[in-house]
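Work through the following exercises with the sequence and the coordinates at hand, and compare your reasoning with each solution.

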Amino acid sequence: MKTRRIKKVAIIGSGIMGSGIACHFANIGVNVLLLDIIPKKLTEKENSKGLTLKDRAVRNRLVDEALKNSLKSKPSPIYHQNFANRITTGNLEDDIQKVTDVDWIMEVVVERLDIKNQVFEKLEKYRTPGTLITSNTSGIPIKFMSEGRSEDFQKHFCGTHFFNPARYLKLFEIIPGPKTASDVLDFLGSYGEKFLGKTSVIAKDTPAFIGNRVGIFSIQSLFHSVKDLDLTIEEVDKLSGPVIGRPKSATFRTVDVVGLDTLVHVANGIKENCLKDERLELFELPDFITTMIENKWLGSKTKQGFYKKSVSVEGKKEILSLDLNTLEYRSSKRAKFATLELTKSVDKVIDRFEILVSGKDKAGEFYRKSFSSLFAYVSNRIPEITDELYKIDNAMKAGFGWEHGPFQIWDAIGVEKGIELMKTEGLEPAAWVDNMLASGCTSFYSINQGATYAYDIPSKTQIKVPGQDSFIILDNIRKTNEVFKNSGVVIEDIGDGILNLEFQSKMNTIGGDVLAGLNKAINLAEKDFAGLVVGNQAANFSVGANIGMIFMMAAEQEYDELNMAIKYFQDSMMRMRYSSIPSISAPHGMTLGGGCELSLHADKVIAAAETYMGLVEFGVGVIPGGGGSKEMALRAQDQFQKGDVQLNVLQEYFLTIGKAKVSTSAYEAFDLNLLQKGKDVVVVNKDRQIAVAKKHAILLSESGYTEPLKRTDIKVLGKQALGMFLVGTDSMQESNYISKHDMKIANKLAYVMAGGDLSEPTFVSEQYLLDLEREAFLSLCTERKTLERIQHMLKTGKPLRN
C-alpha cells in the first residue's frame, strides 16, 4: 500500500476554528490553503479606494481578515509568526480548483447541514480521488454529510473534531462515517498523535461525540445543583478547579471564555437528539441560564457573563460575580472550605479524591453529588458513545484539560465506594460495572510492566491500552524502575542503558536535594549506564531555583552559605556539561530561571513545542547565577566567529536576560538563543518527549560520545562592551524606563557579560565567567530592594519593580 503523506491541506472556512486549525497545520510545517466565501458588498473603506466586488483584495477580504485576527489573538495560535507564511488564502469561487493538489481537505464552515452539503458538492468536483476529506463538525451526524456522495468520497470521509483553541487543546476526535475505510481511520489516528501532537480518539457517530457529551453533561449537572447546594459561582469554581486537577478557569470562568451561547447550542443538540438519555432532564436549561441568554450575558464576547469586569469611579478595576439568586452583579467573595484545607498537604491530585468525598461540609456534599452523577453517567454511555472506557478518560483529559478522567477518579475513590455514593443519590451504574466486580476485577485500570491496562467489557478482563508503545509513562515505572530517590528527585532506569532524572519538588523548583540528585544521576550513569535524560511529566519542567532558600540565607546574612549554595548550583551545571555520558534535557511548560540554566548546559535539548523558556532572574532582583549569565556570554562569542558585529551580538544576548524574555513556544526559544539551531529538537506531542529524548541519548552514546574539553577560548570584550552597556543603562534610567535598582542589576550583568573591565578583548575560561557571575549575584543579594523583590515574588508569584 502506498504511504500517505500530508504536504498540503485545504481548510474550508476561516472562522475562529478554521483559522486556528490552519495555524496549527502551519505550526507543524504543512502548507495550508485557507478558503472562505466572498463578500456580498463593499465596505466604506473599499468604496473610498474605488475597489469593486471583482477585485482580489475584496474577494479575499473575509478570509484575510479572519486569519489576521487569529494571528493577533492571545494566546497565539501559532508557534512562530514566520510560520504564518505557510498559509495561502483564497476564496471558494476563484480558488476552489486548487484543492485538486492537496492531500487533505477539511471543512470548517457554519454548523448547518445544508450549507455543509453545498460545500461538499462543490469540493467533489475538484477533489482528486484518494484525497482525505473530513468535517470538523462538533455534533452533526457524519452519516448525513456523506449521503449521496461518490464511493471514493465516502471511503475517505469522516469527522475530525478539533477542540478550540486547536494549538493548545489536545483532543482530536475521529468519527467514522458508514463507509469510512479502516486504513483512513488508522492513518488519521496515527497522524493526529505523531504530527499534530494530539490525543486521537475514535468516537461513535453520536450527538456531541465523546468529549462534549460528557463535558456538557458535567457542566449542566453543576448548573442544576448549584442552587440546591446554596453555592456561589466563586465557590463552585474553587471546588471544580486545580484542587481536582482541572484548569484554573474551572466551571463558570470556562463557560465565560467558551461562550454561554456555544454551550447552550450543544446542550440543546443533545436534548433534542438523545431522547433515550437517562439524564435528559439535566440538559434542560435552568431559569438563570435562560435569562442570561435573553440578556446576552454570554461571557467574554459580550463583556459579561458569570463574571464582569468593572471600573469604579476612582478608577479601581474589579471583577464582579453574578449572584444566581438575584441575577445582579456583586463584588467577588472569597471561597473557603474545611475539606479543601485537609488536602493542602496532599501534592498529588489523584490522592485527594478519597479525602474530598469524605468531607463533612458543603464541599464534601458537592463532591459526593457531582462525582456520583458523573460516574453513573459515563458508565451508562458505554457502549452508546464508545466501547472502551479509556477513550472517555482520554477525551476528557485532552479536550477539557482534566488531569484525570472519570474512571481514573472512580478508581481513586474505589469502585465499590463510588457505587455506594451513587445509590445514596438514587443513581445506578451500568450493569457492566456490577459484572466487572462479580468477575473479581476491582478496578478499571492496572499497571503491568510499565504499561496501562484497562477493563474490557466483552472479555471481562483487563487488556493493554493500545498506542502507548511509543510513550514512556513515568507514573507507570516510577516504583518498579527506581534506582535512587531523595526528597527532590527520583532516578529511574528507562531501559537500554539510559537513566531519567525526574524532579519531585514543589513546582519542580531546584534546590539542594535536586542538585544532589543530578550529581548522583551523573555518577550512576558514568558507572553503569550509557546516558542521562532530565525530564518529567508534571505541568511544568521547572519554575527555577528555590528562591525561598535564597531569601532566607540573604535575609539572615548567611553569605558564606549562600556563596556555597550558588557555587554548588554552578558546579552541578558544569558537571552536567562535562561528564563522560551524554545528557539530554527535556523541558516543557514553564522552564524558567534555574530550569532554563539546566537546559542550557545539556548536550542536547528535546523541547516540547509548548515550552515557555526564559532567564527571568531580573524579576527577583538578581542576575542568572547558575551559569546562565556565563552561558549567554559564551554563546554570544560563538556568534562572533560568524562575522557578526560583536557589540551588537553581545547586546542581543544581554537583552534576553535584561528584559527577562520568555519564549511563547520552543520555536521562539531559538530566536532568544536559548535553544540552538541544528542541535536542539522540538517535539509536538509532549507524551512522546521522554521516549524521543531517550532515543537521542542512545544515538549520542552509540556515536562514540566523548567528554567535552573545558572551554578556555571565550572571547570577552572588556571595557569596550562594558562602556556601551553602562551608557545604555544610564540613559534608560534617566528617561525613567527603568528604576535605579534595575540599572544596578543591569550593570552587574553587563560586568559579567563583558568579562569585567579588562582593557582589551581577551580569551577567558568558563570558570572565570562563573566566578564573576557568582560575585555579582551575591552582591545583589545584599541589597534591600532585592530582598523586597524576592519576598514579593514569594507572596504573590509576580515580579515587583522598585
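Helices (H or I, at least four residues) and strands (E, at least two) are DSSP runs, numbered from the N terminus. The model is a predicted one.

**Exercise 1.** Determine which elements and residues form the lining of the second largest pocket.

*Solution.* Begin with the space itself, which comes to about 880 Å³. The lining consists of 38 residues, and those nearest the centre of the pocket are Val543, Gly544, Ala545, Ile547 and Met793. Turning to the elements, at least two lining residues each come from α22 (512-528), α23 (547-555), α24 (559-577), α25 (594-600) and α33 (784-796), and likewise from the strand β20 (589-592). Sorted by class, the lining comprises 23 nonpolar, 12 polar and three charged residues.

**Exercise 2.** Describe the largest cavity by its volume and its lining.

*Solution.* The structure holds one cavity of 30 Å³ or more, and the volume of the largest cavity is about 50 Å³. Among its lining residues are Asp387, Glu388, Tyr390 and Ile463. Both α17 (389-400) and β13 (451-456) supply at least two lining residues, with β13 giving the largest share, three residues. By class, six lining residues are nonpolar, none is polar and three are charged.

**Exercise 3.** Explain why β9 and β11 each have one side without a neighbour in the sheet.

*Solution.* The strands follow the order β9-β10-β11 in an open, antiparallel sheet of three strands. Because β9 (307-311) and β11 (328-331) stand at the edges, each with a single partner strand, one side of each is left without a neighbour. From one strand to the next, the twist averages 45°. Between β10 (residues 317-323) and β11, the antiparallel pairing runs over four bridges, and serine 321 has arginine 330 in β11 as its bridge partner.

Notes:
Residues are numbered from 1 along each chain as its sequence is written. This is a predicted model: local features need pLDDT of at least 70, side-chain atom pairs count only at pLDDT 80 or more; totals for chains, interfaces and linings use all residues. Side-chain values use heavy atoms; hydrogens and water are left out. On a 1 Å grid over the protein atoms alone, a cavity is a set of points where a 1.4 Å probe fits but cannot get out, and a pocket is an open set with protein on both sides within 12 Å along at least five of seven lines; lining residues have an atom within 4 Å of a point. Grid points are joined across faces, edges and corners, and a volume is the space filled by probe spheres set on the points. Ala, Val, Leu, Ile, Met, Phe, Trp, Tyr, Cys and Pro count as nonpolar, Asp, Glu, Lys and Arg as charged, and the others, Gly among them, as polar. Two strands pair if DSSP finds at least two bridges between them. Axes are lines fitted to C-alpha atoms, for helices over the stretch in contact, and angles run from 0 to 180 degrees between N-to-C directions.
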